[in-house]
Amino acid sequence: MAEAETRPQAALFYVDPQPLNFNQHGAWKFKDGNAAFSKDALGVPLVYGEFGDAARSYPILFASGPEGGPIALTGVDNHNVFVKDGRWEDLTYIPAYVRRYPFGFVNIG
C-alpha cells in the first residue's frame, strides 16, 4: 500500500491539526473576517440547525458514503464564489464549520 493511501485524510481546511496548548498557542489571535483559507472550498459541511439560514444563500446537497452528509454548495471549478479578497461575501450566511476555524473536534480515543 502506498504512503498516501495509509495516511489519514485531514478534515476540510486543516493542514496540520494539533491539540490546543496554551504554552504554544497562547498568543494566537483571530484575524477578524479573514476567510482566505476557504477560498477553494466547493462545499462546506452543515448541521441540521443551519439549514434554514444556509438555504437562503446556498443550495444544500447531501453527499453519500462514510464521510457524507449535508453540505452547502459554495463554488464551482475549485473556487468558492462567496469569498472575495479573503473575506466572506457580505449579507451571506457563513456556515458554522467556517466560523469555528481554526478550531475543530477530533477523535483521539
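Strand β2 (residues 60-63) and strand β3 (residues 69-73) run antiparallel and are joined by 4 bridges. Two strands count as paired if DSSP finds at least two bridges between them. Helices (H or I, at least four residues) and strands (E, at least two) are DSSP runs, numbered from the N terminus. Opposite isoleucine 71 in β3 stands leucine 61. The hairpin of β2 and β3 has 5 residues between the strands, and glycine 65 takes a positive phi near 95° there.

The model is predicted: local features need pLDDT of at least 70, side-chain atom pairs count only at pLDDT 80 or more, and totals for chains, interfaces and linings use all residues. Residues are numbered from 1 along each chain as its sequence is written, and side-chain values use heavy atoms, with hydrogens and water left out.

The predictor's confidence in each residue is given as pLDDT, from 0 to 100. The protein chain has a mean pLDDT of 82, and 83% of its residues reach 70 or more. Among its elements, helix α3 (residues 51-55) has the highest mean, 96, and α1 the lowest, 48. Over residues 1-8 pLDDT stays under 50, and the model has 1 contact beyond four places in sequence for them; contact means heavy atoms within 4.5 Å.

Most residues other than glycine have a negative phi. Two exceptions, both in loops, are set out below.

| Residue | Phi | Loop | Relative accessible area |
|---|---|---|---|
| Asparagine 78 | near 55° | between β4 (75-76) and β5 (79-80) | 56%, exposed |
| Leucine 91 | about 60° | between β7 (87-88) and α4 (96-99) | 91%, exposed |

For relative accessible area, buried means under 20%, exposed over 50%, and partly exposed in between (1.4 Å probe, protein chains only).

Asparagine 21 lies in the loop between α1 (3-6) and α2 (22-25). This residue counts as partly exposed because its relative accessibility is 32%. Its side chain reaches the backbone nitrogen of asparagine 23 at 2.7 Å, and a polar atom of that side chain lies 3.1 Å from the backbone nitrogen of glutamine 24.

A nonpolar core is a set of buried Ala, Val, Leu, Ile, Met, Phe, Trp, Tyr and Cys residues joined through side-chain atoms within 4.5 Å. The largest such core has 13 residues, of which Val44, Ala54, Tyr58 and Trp88 touch the most other members. Leaving aside neighbours within four places in sequence, tryptophan 88 is in contact with residues including Tyr58, Phe82, Val83, Ile94 and Val98.

Key. Polar contact = N/O pair within 3.5 Å; in protein donor to acceptor, adjacent residues only side chain to side chain.
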